[in-house]
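Reader: Please explain how the parts of this fold are arranged.

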Amino acid sequence: MKDRFNAYMDIDVAIEPIESGKLDGLTFSVKDVFAIEGHRNTAGNPDYLRTHQPSNFTAPVITALLKDGAILKGTTHTDELMYSLNGENFHYGTPVNPKAPDHIPGGSSSGSAVAVAGESVDFALGTDTGGSVRVPSSYCGIYGIRPTHGLVDIKGVIPLADSFDTVGWMARSPEILQMVGEVLIEESSEDTSKPFKRLIYPNDAWELVLNDQIGISLEAFLPNLKAVCLEFEEIKLSKEGLGEWTNTFRVLQAMEIWEAHKEWIEKEHPTFGPGIKDRFEWASTLKKDEHKHKFYFREKISEYMVQVLGEDGILVIPTAPGIAPIKNLPSDELEEYRSRAMKLTCIAGLAGLPQVTLPVGEYHGKPVGLSLIANRNKDLQLLQFVNELSK
């Protein structure tokens, strides 16, 4: 297997299936944050690689896929310590976006998205805390899912922010996306037999799209959704403003990130690239006592989203504000775009909801995704819904 798009951290990592199952013959790669017995993770940073030992076990999600017939091929690039949405790595370079080579691939699951979009493997595992599966899936024109928080086993995955971290995956087809979900998600106690009847269109989320042409391209898919949902509701999702939601997400996430990596950073003084360095420095200044109200606000948002979606609601939003930004943008422009994107990604993140992105839009020939968000533990129902839309 050739690494045509610089997707891989270690292309030689390979594990054959343990047993036979529904994933027979399918190949997959994993972001270099998943434990693989005998393998040392980089987490996108050479100092992390230098200061950590090889794992003595393999992450359960990888084992589950191997037990169902899948073949592991390679570990993929990630942004440093998973703390970015861009996919540009100061130390290891930037994977090439197969659908837009002059544009960034998105991160932090950049290599996994590129491996799938570039057809090196059938699907790939990533992690999604603040959008790290959804955003690169959108930029690279593939399907991707961030599952309900806590639903998929995250043991053996380097943490970023525990109360937001999820294991997600990407594929070029909704069929494979669903098949992987059926392996990784245990049947929940909730009734998933009820169909989605209400399509909810939040105007304030759609206002974040960068221009009318992108919005028109994404909205062209709405008739497909309206054809299977009985009701269509336009709402303003956030009375406080999605900027306030994003600020809450960023602060709570950053405090958890610093808590997770403080000891290692203060001991090893690792070298971080631009942007990542600044975020860690900012995270180190935050104090829980000064942000108690944000914990309460998060709970309010979470309860509100559960009510909005109910048993049969599905929220439709742009996955990202537009196509992938061009490579080597000035850092302030890239940060502004990242902040706008997080106003969209924080919706599912704050409430721990499942979100699937579909590659249905484009602008100047470059892909942009449309997302569907359902209530907690509706993941398998959502994956089936997306799969049936394509038939």
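Reader: At what angle does helix α5 run to β6?

Author: This is a predicted model: local features need pLDDT of at least 70, side-chain atom pairs count only at pLDDT 80 or more, and totals for chains, interfaces and linings use all residues. Residues are numbered from 1 along each chain as its sequence is written, and side-chain values use heavy atoms, leaving out hydrogens and water. Helix α5 (residues 174–184) lies across β4, β5, β6 and β10; helices (H or I, at least four residues) and strands (E, at least two) are DSSP runs numbered from the N terminus. With axes fitted to C-alpha atoms, for helices over the stretch in contact, and angles from 0 to 180 degrees between N-to-C directions, the angle of α5 to β6 is about 150 degrees.

Reader: Which residue of β6 is the bridge partner of tyrosine 143?

Author: Strands β5 (residues 143–146) and β6 (residues 166–171) pair in the antiparallel sense over three bridges, where pairing requires at least two DSSP bridges. The β6 partner of tyrosine 143 is alanine 171.

Reader: Why is one side of β1 and of β8 left without a neighbour in the sheet?

Author: Eleven strands form an open sheet of mixed pairing, ordered β1-β3-β2-β4-β6-β5-β10-β11-β9-β7-β8. Its edges are β1 (8–15) and β8 (231–235), and one side of each is free because each has a single partner strand.

Reader: How far apart are the axes of helices α9 and α11?

Author: Helix α9 (residues 242–268) packs against helix α11 (residues 292–309) at an angle of about 120 degrees. Trp245 of α9 and Phe295 of α11 are among the residues making the contact, meaning heavy atoms within 4.5 Å. The axes are apart by 10 Å.
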